[in-house]
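New to this one? Have a look at the sequence and the model first, and then we'll walk through it piece by piece.

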Amino acid sequence: MEKIMIKGGRPLHGRVTVSGAKNSAVALIPAAILADSPTAIENLPQIKDVEIFADILRDMGASVTREGSELQIDPRGIRGVPMPNGKIKKLRASYYLMGALLSRFGEAVVGLPGGCNLGPRPIDQHIKGFEALGARVAHKEGCVHVSASRLKGARIYLDVVSVGATINIMLAASRVEGVTVIENAAKEPEIIDVATLLASMGARINGAGTDVIRIRGSRSLKGCRHSIIPDRIEAGTYMIAAAATRGDVIVENVIPWHMEPVSAKLREMGVEVQQGDESLRVKGNGNYRPIDIKTLPYPGFPTDLQQPFTSLLTGVEGLSLVTDNIYSSRFKHVDELCRMGADIRVDGRTAVIRGGKSLHGTPVRATDLRAGAALVTAGLMAEGVTEIFGLEHIDRGYEALDDKLRSLGAEVWRK
Ligand SMILES: CC(=O)N[C@H]1[C@@H](OP(=O)(O)OP(=O)(O)OC[C@H]2O[C@@H](n3ccc(=O)[nH]c3=O)[C@H](O)[C@@H]2O)O[C@H](CO)[C@@H](O)[C@@H]1O
Ligand SMILES: C=C(OP(=O)(O)O)C(=O)O
């Protein structure tokens, strides 16, 4: 079984370039189904979730070709076939096929999605949105069946701020004539990215990035060319790793404003973060203060980064608290960190970290994508060699993680 090996204890130094955002890419690929002509997506990350999604579209009859970091999707051969299981179970974002196929073919049969196991990941708000647009929704044998003879614009208030539901409703509404209004929408940068693509295709979308989004759809959407925004979670992972190893790293190809929740917390604990136009320089030192983190929808601190941040805080003398308000069970990395010598107790939604203990290299297993990022961060901090299993999770979402870390001076290799 392949594993990542890290000989820790070396400060990271140098420059690293961030790839396109995973959480945009996995929504933009199904969005290409909505157009009547080909779409080109640039700055695509080379990660497993993207490969699987491209294959899903091929299985449905689309022509999908990749050249470097550009993906060409010609959706003209797509058939609205049922997808009860198989590849769609390998990623959470396959639920975007519900909105895209409903909009394009008036029906969709999609098995309940996979992705990281972070505790319950309900889709009731997606379904509430489809129903408001006029669709019938039924659950049969682990699949969601969505169908409509005619969709119409509607006003939809989301009971919880959900990135997935906001995007899925935008996809479903983009070919619907009339106005759809999503209230209490999520405001993540990836939502603006999807709205930008849909607008380039011909939908009229106002308010993406605020909590009220208005969509005036169009029966005929045209393919377009779109460049994906930088991955703020990948960028944050390198910022955290730089601070954790007391290194000095320039993280390039970022939108610094997207990183503000992370930069603010790093500065609060005593890390120097310098802002460039499209880069951030993170300079670590030996004088950090413990801090508390609470994850919240954007622009709050992202749930996806609380796991690697927890590893960083194990190296900070004193008591830090990390509370995940988005996912109740996103703490599966904690047992593994404790095996490496950390002192962390999970109390409900909060990890209580008594920092300052030194970590030592141990065989550990990543149980989900960002647990993997947490263990890699811990491996970089630890004395000795850390062996990380469960690479299939890490490869879902990080392009060339080991190559990028090696270019920063880390001793990392696959075995
Ligand atoms: C708001 C938030 O931080 N979203 C994060 C979440 O998005 P992801 O799209 O996975 O999750 P959502 O934003 O949809 O869900 C946010 C919260 O709403 C709940 N929920 C969601 C949909 C629904 O129909 N019903 C419902 O109750 C979820 O259980 C969760 O507690 O994880 C992604 C991957 O880790 C991150 O990139 C997103 O930034
Ligand atoms: C949990 C994540 O991914 P997914 O929602 O695709 O499982 C993530 O990106 O951190």
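What follows is a short tour of the domains, a ligand site and some strand pairings.

## The overall layout

Keep in mind that this is a predicted model. The domain assignment splits the protein in two: domain 1 covers 4–19 + 230–414, and domain 2 covers 22–227. Taken over C-alpha atoms, the centres of domain 1 and domain 2 sit 30 Å apart.

There's also a record to mention: UniProt, in an unreviewed entry, puts the feature "domain: Enolpyruvate transferase" at residues 7–405. Over residues 7–405, the chain is 33% helix and 24% strand, and the C-alpha atoms at the two ends are 12 Å from each other.

## Where the domains touch

How many residues of each domain are in contact with the other? On the domain 1 side there are 19, and on the domain 2 side 15. Helix H12 (residues 391–397) gives the most to the domain 1 side, with three residues. Sorted by class, that side of domain 1 has seven nonpolar, five polar and seven charged residues.

## Around ligand 2

Now for ligand 2. Its shell takes at least three residues from each of the two domains. Among the surrounding residues are Lys22, Asn23, Arg92, Cys116, Asp304 and Arg370. Helix H1 (22–31) and helix H11 (369–381) each put at least two residues into this shell.

What classes of residue make up the shell around ligand 2? Four are nonpolar, three are polar and four are charged.

## A three-stranded sheet

Next, follow the order S6-S8-S7: these three strands form an open sheet with antiparallel pairing. Strand S6 (107–111) and strand S7 (136–140) are the edge strands, each pairing on one side only. On average, neighbouring strands in this sheet are turned by 15° against each other, direction ignored.

Zoom in on S6 and strand S8 (residues 143–147), and you'll find an antiparallel pair with five bridges. Here valine 109 stands opposite histidine 145 in S8. Helix H3 (residues 96–105) packs on the sheet, where it touches both S6 and S8. The direction of H3 makes about 160° with that of S6.

## A hairpin to finish

One last stop: strand S15 (residues 272–275) and strand S16 (residues 279–283) pair in the antiparallel sense, over four bridges. A hairpin of three residues takes the chain from S15 to S16. Across this pairing, glutamine 275 faces leucine 280 in S16.

Notes:
Residues are numbered from 1 along each chain as its sequence is written. Chains are lettered from A and ligands numbered from 1 in the order in which they are written. This is a predicted model: local features need pLDDT of at least 70, side-chain atom pairs count only at pLDDT 80 or more; totals for chains, interfaces and linings use all residues. Domain bounds come from an automatic or database domain assignment. Two residues are in contact if their C-beta atoms, placed from the backbone, lie within 7 Å. Ala, Val, Leu, Ile, Met, Phe, Trp, Tyr, Cys and Pro count as nonpolar, Asp, Glu, Lys and Arg as charged, and the others, Gly among them, as polar. A residue is near a molecule or strand if its C-beta atom, placed from the backbone, lies within 6 Å of it. UniProt positions are given in the numbering used here, feature names are shortened, and annotations may be inferred rather than shown by experiment. Two strands pair if DSSP finds at least two bridges between them. Axes are lines fitted to C-alpha atoms, for helices over the stretch in contact, and angles run from 0 to 180 degrees between N-to-C directions.
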